[in-house]
Amino acid sequence: DSGVTGTVTYEVHQIAGLKATLNATLDLIAEHVGTNPGQLTTNDAYADARALLDNADATVAELEAETAKAATEYYTVNMPQEGVYYKINNIKYPTYYLTSTLQGKGIGETNIGVVRFEPVEGQTDQYYILVNGKYAGAVQQSTQISLSSDKANAKRYSFGLANLNVVLKDTQSSDATYAYLHMDAGHKIVGWTNTAEASYWNFSTLTDEEALQAMKAKLDNTIASLDGHLGTNPGQYVNPDNGSALASAKAVANNAESTIQNITDSYNALDIYNTINPFTPGYYRFRNAVKDGYMYSDGTNLKWKALDENDVTMVWHVSAVSGSNLTLSNYGDGKIPQSSAFNTAITMGETENTSIIYETMGSSQVKIKMNGDKDGGQGALAEEDNTVKNYNTGANGKGTWYVERVDFLDAFEGLGFTAADKFNLLEGATVNYPNEFGWSQYNLTPEGI
């Protein structure tokens, strides 16, 4: 009978389609099965569904009932465990892990951070998140999150899934839409939605020894970034305790018996050095981070060469500072670095340049930007031919500079000496002293002023 044959054929196709739909759901779940937080543990309902797929006698009604179920009926989500250490990498940027900066900010780095979850008392499935021993704070749209050693600054986070990927939400955020931890293109941890791939996270459990070694590496790296970089020059870290916390951290790092708590406490104690000295009005030399030379003016172009302490064109006068903007001129010839196009030599001129800014890079280094490229990578870069051009650069590159304050020149502000005379005073030379009292000559040294 053709009618019976048609009905049977239709049912065969219907069963095949339903099984394909059910199989796709179960296979997707299977891809996320595991023991880490955010991974899935399947249940008896999942096993029954698999059995139904394998059953040649499964009916349309049975399969329709099964495919009508929500995927969540087939699994439970593994939650973070108290007292367990984790490393957490981003799904979009899988080689970058959730960690912290010295300044107490959330960031992604290729070196792992050590993350713990502390349940919030009296709250179901809410946690305080500790990154390298610091509590995660509030999440706001596109704003880098802060981390704090003070639990009073901690926010409560939920742990959930979006598209079967872990999302971490600040449940106390004033903006529920953008309350999710997200890694931006610069690898800062900011607030964003739960629909972006960079808002998804992958967890791996660390053994106690792995966590200890990871924290030890974080402490060692932070010590290295601070050692030799505490001081008063722009770009250096403010040193409020005369290096005491750094010395203690070195002792802990060098002690084979140090526990992970010792190491974590020492790491967090180093945030006393979380402030970088800004520029203030005064006189400076700029030493290149790679080349053995200092920035100077030849009257036409910005250049670099080996230090000559008697060359006044190697000294720069910052007469005013407004935020990251500098009013900068060459002390020796009075010329001003001019704004220049990308990949071109920086010239010197008489025209005021209001686009000169600086950016601190850590490890005492700064970028000097002549064209106001505040958020970009461009800066004054030392070329092989001793010219300085405007080009992209990063930390520890030819476009970063150490700043050295020329303190003795501050003593001569407003006294009327020529640039050369101020330098000659270092040698105790006799120089003319032109002032309103008519004094003719004085044999002065900086120590005597």
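1. Val-120, contacts. In this predicted model, Val-120 touches Gln-126, Tyr-127, Tyr-128 and Arg-156, not counting residues up to four places away in sequence. Val-120 sits in the loop between strand E6 (115–119) and strand E7 (126–131). Its relative accessible area is 7%, so Val-120 is buried, the cut-off being under 20%. A further pairing is with Lys-155: the two C-alpha atoms are 9.8 Å apart, at a distance of 35 residues along the chain.

2. Asp-125, the E6–E7 loop again. Asp-125 is also placed in the loop between E6 and E7. Its phi is positive, about 55 degrees, although Asp-125 is not a glycine. Most residues other than glycine have a negative phi. Asp-125 is partly exposed, with 43% relative accessible area. Val-120, by contrast, is buried.

3. His-187, a second positive phi. The phi of His-187 is near 70 degrees, and this residue is not a glycine either. His-187 lies in the loop between strand E12 (180–183) and strand E13 (189–192). Buried or exposed is the point to check for His-187. At 16% relative accessibility His-187 counts as buried, because the limit is 20%.

4. Thr-99, fully covered. Thr-99 belongs to strand E4 (residues 97–100). Its relative accessible area is 0%, and Thr-99 is buried. Its side chain makes a polar contact of 2.9 Å with the side chain of Asn-132. Leaving out residues up to four places away in sequence, Thr-99 touches a list of residues including Lys-105, Gly-106, Ile-107, Glu-109 and Asn-111. Ile-112, Gly-113, Val-131, Leu-147 and Lys-218 are also among them. Asn-132 appears in that list too, in keeping with the side-chain pairing.

5. Ser-148, two polar contacts. Ser-148 is in strand E9 (residues 147–148). What does its side chain meet at 3.0 Å? One partner is the side chain of Asn-153, in a polar contact of 3.0 Å. Another is the backbone nitrogen of Asp-150, which lies 3.0 Å from a polar atom of the Ser-148 side chain. Beyond four places in sequence, Ser-148 is in contact with Lys-134, Tyr-135 and Asn-153. At 15% relative accessibility, Ser-148 counts as buried.

6. Asp-27, in the N-terminal numbering. Asp-27 is in helix H1 (residues 2–31). At 33% relative accessibility, Asp-27 counts as partly exposed. Asp-27 and Arg-50 are 23 residues apart in sequence, with 9.9 Å between their C-alpha atoms.

7. The largest nonpolar core. This core has 24 residues. Leu-219, Leu-226, Leu-270 and Tyr-273 have the most contacts inside it. Helix H4 (208–226), helix H5 (244–253) and helix H6 (260–269) are the elements giving two or more residues to this core. Which of them gives the largest share? H4 does, with seven residues. In soluble globular proteins, nonpolar side chains tend to be buried together.

8. Leu-226 within that core. Leu-226 is one of the residues with the most contacts inside the core. Outside its neighbours within four places in sequence, Leu-226 is in contact with Leu-102, Tyr-237, Leu-246, Leu-270 and Tyr-273. Leu-270 and Tyr-273 are themselves in the group with the most contacts inside the core.

9. The largest pocket. Its volume is about 1200 Å³. The lining holds 37 residues, and Gln-103, Ile-276, Thr-360, Met-361 and Gly-362 lie nearest the centre. Strand E5 (106–109), H4, strand E22 (357–362) and strand E23 (365–369) are the elements that give two or more residues to the lining. E22 gives the most, six residues. H4 therefore appears both here and in the core.10. Make-up of the lining. The residues of the pocket lining divide into ten nonpolar, 18 polar and nine charged.

11. The chain overall. The chain has eight helices and 28 strands. Buried residues make up 46% of its 449 residues. Of the contacts with a separation of 6 or more, 58% are between residues 24 or more positions apart.

Technical notes
Residues are numbered from 1 along each chain as its sequence is written. This is a predicted model: local features need pLDDT of at least 70, side-chain atom pairs count only at pLDDT 80 or more; totals for chains, interfaces and linings use all residues. Side-chain values use heavy atoms; hydrogens and water are left out. A nonpolar core is a set of buried Ala, Val, Leu, Ile, Met, Phe, Trp, Tyr and Cys residues joined through side-chain atoms within 4.5 Å. Buried means under 20% relative accessible area, exposed over 50%, partly exposed in between (1.4 Å probe, protein chains only). Helices (H or I, at least four residues) and strands (E, at least two) are DSSP runs, numbered from the N terminus. Contact means heavy atoms within 4.5 Å. On a 1 Å grid over the protein atoms alone, a cavity is a set of points where a 1.4 Å probe fits but cannot get out, and a pocket is an open set with protein on both sides within 12 Å along at least five of seven lines; lining residues have an atom within 4 Å of a point. Grid points are joined across faces, edges and corners, and a volume is the space filled by probe spheres set on the points. Ala, Val, Leu, Ile, Met, Phe, Trp, Tyr, Cys and Pro count as nonpolar, Asp, Glu, Lys and Arg as charged, and the others, Gly among them, as polar. A polar contact is a pair of N or O atoms within 3.5 Å; within protein, one must be able to donate a hydrogen and the other to accept it, and residues adjacent in sequence count only if both atoms are side-chain atoms.
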